Amino acid sequence: MTQHTRGGTVAETCDVVIVGARLAGSCAAAHLARAGHRVVVLDKSRFPSDQLSTHLLFPSGVDELRRMGALDGILAGDPARSPWLGLQIGDRVRLLERWRACGPIDYCICVPRPQQDLELVRAARAAGADVREHCRVTAVTWRGGRAAGVRYTDADGTERELAAQLVVGADGRRSTVAGLVGAARPYRASRNGRGLVFRYADDPRAGTRDGETIWQWRDGDSLGFVFPSAPRGRILMLFMGAAGEVTEARADPEGHWARKIAMHPGMAARTWGAGNLTKIRTCNDTSAYFRASSGPGWALAGDAGHFKDPVIGQGQRDALWSGRRLAELAGPVLDDPARLDISLRGWEQERDLECLHSYHFGNVETVVRPVIPVLTEILRRMSGTTAPSAGDLFGRARTLPEIISLPRIALGLADALRHDAGRDPAGLTRDALAELKIHLEVRRERRARRFRSTRLVPGSDHPNPEPPGHAGESRRDRHNLEVVVSA
């Protein structure tokens with residue numbers, strides 16, 4: 001790497017500069033550096049540092065950690081390994097499945113972000129990437145209409161400039177890079193309906209099968225979760241009710257927590273005796289979106305380019321996946337600008353196809369309502385075996401339309417008509433047909449392979465979204481952005 005001073009600014013060159021050193025950024029850096037490229041990663045934080053997140057990785061996400069070289073370091077922190085999925089819907093369904101393996105991995109982990117992200121940074125450095133902490137990017141530099149590097153302020157306050165063949169923004173939902181390249185405004189967005197209220201605690205069932213099971217309870221329109229965490233013997237407890245409940249939780253945290261526990265008797269029994277509780281944390285700003293994520297010499301990876309509702313816990317895996325695939329597709333053509341731009345566009349389209357069904361899955365799950373009887377009956381039929389079925393949705397082994405298929409909807413409707421004698425048959429049929437229409441539209445959209453499509457799927461894409469802007473924009477700018485996206 002060469003370095004010189006120009007007009008008081010320290011200037012350097014590298015092959016790739018990545019802004020953001022967490023999931024997507026560290027993963028891309030590790031794969032690029034291991035392939036022999038000169039990679040500099042800039043992050044405004046010092047590690048370890050916290051990040052608002054549900055922290056859960058399903059087997060496919062854990063396998064991404066293995067592939068980038070971070071898994072051994074994370075496992076050294078002794079996280080609980082969870083090979084089981086438990087799902088309970090009121091008193092009608094109790095399902096217990098093994099996760100389908102992804103490569104050699106057949107378990108989930110849930111590691112707090114300070115510990116996890118520190119190991120990601122260590123893995124990127126071990127692969128040969130130059131990770132620089134407490135650095136704030138102030139500009140993207142351009143040459144001949146292409147992104148050609150960045151200007152930033154380092155930890156000592158020195159102004160620096162990095163020239164690079166590729167600029168990657170992996171700096172999260174309020175991406176600075178997205179704003180600097182003119183891509184902060186999503187071309188597609190969907191409003192979230194649920195909020196998050198969560199905390200950590202000591203696990204009263206550590207060492208049992210419950211202590212190795214990812215649990216989800218659905219009671220009424222509320223969702224409760226327990227994830228065995230790290231170190232072994234800790235759990236993450238999470239509620240996802242209506243987004244408006246977050247205001248109540250912030251005003252009266254312990255009172256709200258007690259009310260939510262009372263709504264979920266299965267979760268109350270599972271967590272009885274939990275001690276050493278952390279403070280309660282909340283979030284209700286989780287609208288989903290797609291941003292234009294590639295252009296001449298630049299790309300947006302992870303949450304910087306795409307985000308879906310966290311109710312399905314897919315964000316971390318998709319960030320890692322997008323970083324790896326960006327490295328695999330862009331790395332071999334960095335020296336050829338024309339081929340690089342074609343590869344970046346191909347990467348963006350591949351990412352969209354990979355994430356589209358989970359985007360819709362999250363949109364469906366964020367609707368605050370009880371599970372409709374047809375879906376309850378579909379899940380009840382799955383509960384007769386521990387073989388993976390419902391878990392394949394979360395594990396990304398199969399898509400939503402493949403799991404909630406036409407034959408299963410037909411059987412679920414027949415079962416619902418038989419078991420819910422007090423319900424209006426016409427109403428049950430309408431619910432089933434509405435569900436089927438969403439899945440058919442999702443299937444149709446994936447087959448169409450439209451690039452940056454703004455065509456919405458009724459029942460999935462929800463109106464009046466509030467997607468994030470970018471770091472540094474004014475409150476007024478953000479309001480204007482929301483109005484435009486909602487139109």
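1. A residue is called buried when its relative accessible area is under 20%. That cut-off matters for G172: its relative accessibility is 19%, so G172 counts as buried. The model discussed here is a predicted one.

2. The position of G172 is in the loop that runs between β13 (166-169) and α5 (176-180). Setting aside residues up to four places away in sequence, G172 touches R291, D303 and A304. A11 offers a reference point elsewhere in the chain: G172 and A11 are separated by 161 residues in sequence, and their C-alpha atoms are 26 Å apart in space.

3. S293 is another loop residue, found between β20 (288-290) and β21 (294-295). Is S293 buried or exposed? The relative accessibility of S293 is 0%, and because buried means under 20%, S293 counts as buried.

4. The surroundings of S293 can be listed. The side chain of S293 makes a polar contact of 2.6 Å with the side chain of R351. R351 also appears among the residues in contact with S293 once neighbours within four places in sequence are left aside; the others are W298, A299, L300, G305, W347, E348 and R452.

5. Helix α11 covers residues 373-382 and is mostly covered, with eight of its 10 residues buried. Which residues of α11 are buried? They are P373, V374, L375, T376, E377, I378, L379 and M382. The cover over these buried residues includes two strands, β6 (84-89) and β7 (93-98), together with the helices α13 (400-403), α14 (406-419) and α15 (425-448).

6. For the chain as a whole, the secondary structure amounts to 16 helices and 23 strands. Buried residues make up 59% of the 487 in the chain. Of the contacts between residues at least 6 apart in sequence, 75% join residues at least 24 apart.

7. On overall dimensions, a compact globule of 487 residues would have a radius of gyration near 23 Å, and the chain agrees because its own value is 23 Å. Along the principal axes, the C-alpha atoms fill a box of roughly 80 × 45 × 45 Å.

8. Two points remain on surface and charge. The chain exposes about 19,200 Å², of which carbon and sulfur atoms supply 51%. Its side chains include 69 positive and 58 negative ones, and the centres of these two sets lie 2 Å apart.

Notes. Residues are numbered from 1 along each chain as its sequence is written. This is a predicted model: local features need pLDDT of at least 70, side-chain atom pairs count only at pLDDT 80 or more; totals for chains, interfaces and linings use all residues. Side-chain values use heavy atoms; hydrogens and water are left out. Buried means under 20% relative accessible area, exposed over 50%, partly exposed in between (1.4 Å probe, protein chains only). Helices (H or I, at least four residues) and strands (E, at least two) are DSSP runs, numbered from the N terminus. Contact means heavy atoms within 4.5 Å. The radius of gyration is taken over C-alpha atoms; the globule rule is 2.2 Å times the number of residues to the power 0.38. Accessible areas come from the Shrake-Rupley method with a 1.4 Å probe; for residues, only the protein chains shown count as cover. Lys and Arg count as positive and Asp and Glu as negative; His and the chain ends are not counted. The place of a charge is taken as NZ of Lys, CZ of Arg, CG of Asp or CD of Glu. A polar contact is a pair of N or O atoms within 3.5 Å; within protein, one must be able to donate a hydrogen and the other to accept it, and residues adjacent in sequence count only if both atoms are side-chain atoms.
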